[in-house]
Amino acid sequence: MMNRRELLKWAAGMNTVSLLADEPAAVPTADEMCRRGVEKASLKMQFRGTSAAACRAWQSQFTGKLLSLLGPFRPPDKWSTVTQRVVELKDHTRHELVLEANGVEPLPMHLLTPAGQTGSPRRAGMLAIHGHGPFGHDAVAGKLGAPGIEENIAKLKYDYGLQLVRRGYVVVVPCLVPFGRRLGDVEGYRDSPCADTFVRMQLVGKLLIAENLRDSLWAFEFLARHSAVDANRLGCAGLSYGGRMAMLVSALEPRIRVAVLGGALNLLQKNATAPFSCGAQVIPGLLEYGDTPEISALIAPRYCLWTAGSHDKHTKPKEGEIALARMRPAFKALGAEDRLQVDHFEGGHEWSGRVAYPLLESVLRT
């Protein structure tokens, strides 16, 4: 029989001195492993060309890769619309709707139409996407009543859907997962609902960001088909996670003529060098090929406005410049360098319409 020393030597396949060393072997922590992997990500499909032809070829190739990473996300072609409530307000009407179709979960949504819409010429349409928070699409649509929602709106200037309908746009505001009405009150769920939902969906073969992409595109398709909307004059806007989703939707939906992306001018590669729990932003394998600048570059040559507050901890200037530097070549190659714009405003993580509203008016006027 082997003694203890001989048994350890046999089990580890090492010499006895190494096994009995006083100092423990250097074993990286989970955080170190993740950080090292993220920092060394290859981003191998960055656009490095200069010509329009090279850019279009790259856009096609990167779009194909992005689609393969996202998996299924296309919205249904046919659906039924359930009207739960219609609220007539002084300057607009809020239609509280649920879209239903076979094989997908129902989608709660607000449709905002300007006062006096009936019989008037078709209007430009806007898809307004909300970010994180317990109020979901209600805050963006300016639907009051829930405890704390007025403070939430005031802090983030969050009711940009309401501000858009007041400027004459027909607006749709979908409720994404896991927020607002689609979060609920599951015990322990509110601490990190994005991470929790991401993990649980993965177990059944679903990707959270793809589910929200499908629902955003579903709401957009509803908007494009609406009888009050001119389908040739469509835009998209969002703040925070809404800015991230507006980026992704606009990258993959060519009918969107102008995108306003608030509070999201950053890099996932940078975010994930520290503990990162927003599973709602995760596209598995993305950093092998690119990051948010590469997705944003798919919007070119259409209008793309980023808004970044001077005190917004989510949009640090240095990181933003790195991101913009990787977007600009695509816009420049397609002769649209002036269509990539940034509103550096005085403020925090909040909505800014300072540049957005004039730009939307200019692009969607005709």
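## A sheet, a helix and some unusual bonds

Aspartate 343 sits in strand 9, which spans residues 340–345. This is a predicted model, so local features need a pLDDT of at least 70, side-chain atom pairs count only at pLDDT 80 or more, and totals for chains, interfaces and linings use all residues. Residues are numbered from 1 along each chain as its sequence is written, and side-chain values use heavy atoms, with hydrogens and water left out. Helices (H or I, at least four residues) and strands (E, at least two) are DSSP runs, numbered from the N terminus.

**Aspartate 343 and the sheet**

Is aspartate 343 buried or exposed? Aspartate 343 counts as buried because its relative accessibility is 0%. Buried means under 20% relative accessible area, exposed means over 50%, and partly exposed lies in between (1.4 Å probe, protein chains only). Leaving aside residues up to four places away in sequence, aspartate 343 touches Leu305, Trp306, Thr307, Ala308, Ser352, Arg354 and Val355. Contact here means heavy atoms within 4.5 Å.

Strand 9 belongs to an open sheet of 9 strands. Their order is 1-2-3-5-4-6-7-8-9, and the pairing is mixed. Strand 1 (80–88) and strand 9 stand at the edges; each has a single partner strand, so one side of each lacks a neighbour in the sheet. The twist averages 20 degrees from one strand to the next. Two strands pair if DSSP finds at least two bridges between them. Strand 1 pairs with strand 2 (residues 92–100) in the antiparallel sense, over 8 bridges. In this part of the sheet, arginine 85 stands opposite glutamate 96 of strand 2.

**A helix across the strands**

Which strands does helix 14 lie across? Helix 14 (residues 356–364) lies across strand 4 (123–129), strand 6 (229–239), strand 7 (258–262), strand 8 (303–309) and strand 9. Helix 14 runs at about 165 degrees to strand 7. For such angles, axes are lines fitted to C-alpha atoms, for helices over the stretch in contact, and values run from 0 to 180 degrees between N-to-C directions.

The buried residues of helix 14 are Ala356, Tyr357, Leu359, Leu360, Val363 and Leu364. Seen down the axis, these residues fall within an arc of 160 degrees, so they line one face of helix 14. The arc is that of the directions from the helix axis to the C-beta atoms. The cover over these buried residues includes helix 7 (160–166), strand 4 and strand 9.

**Leucine 208**

Leucine 208 is in helix 9 (residues 208–225). Leucine 208 is buried, with a relative accessible area of 0%. Among its contacts, not counting residues up to four places away in sequence, are Val177, Pro178, Cys194 and Phe198. Leucine 208 and glutamine 59 are 149 residues apart along the chain, and their C-alpha atoms are separated by 24 Å.

**Cis bonds and positive phi**

Two peptide bonds are listed here.

| Cis peptide bond | Omega | Place of the proline |
|---|---|---|
| Valine 177 to proline 178 | about 0 degrees | loop between strand 5 (170–174) and helix 8 (193–202) |
| Alanine 300 to proline 301 | near 10 degrees | loop between helix 12 (292–296) and strand 8 |

Leucine 43 has a positive phi of about 50 degrees, although it is not a glycine. Leucine 43 lies in the loop between helix 3 (30–39) and helix 4 (52–70). At 7% relative accessibility, leucine 43 counts as buried. Serine 240 is not a glycine, yet its phi is positive, at about 65 degrees. Serine 240 lies in the loop between strand 6 and helix 10 (241–252).
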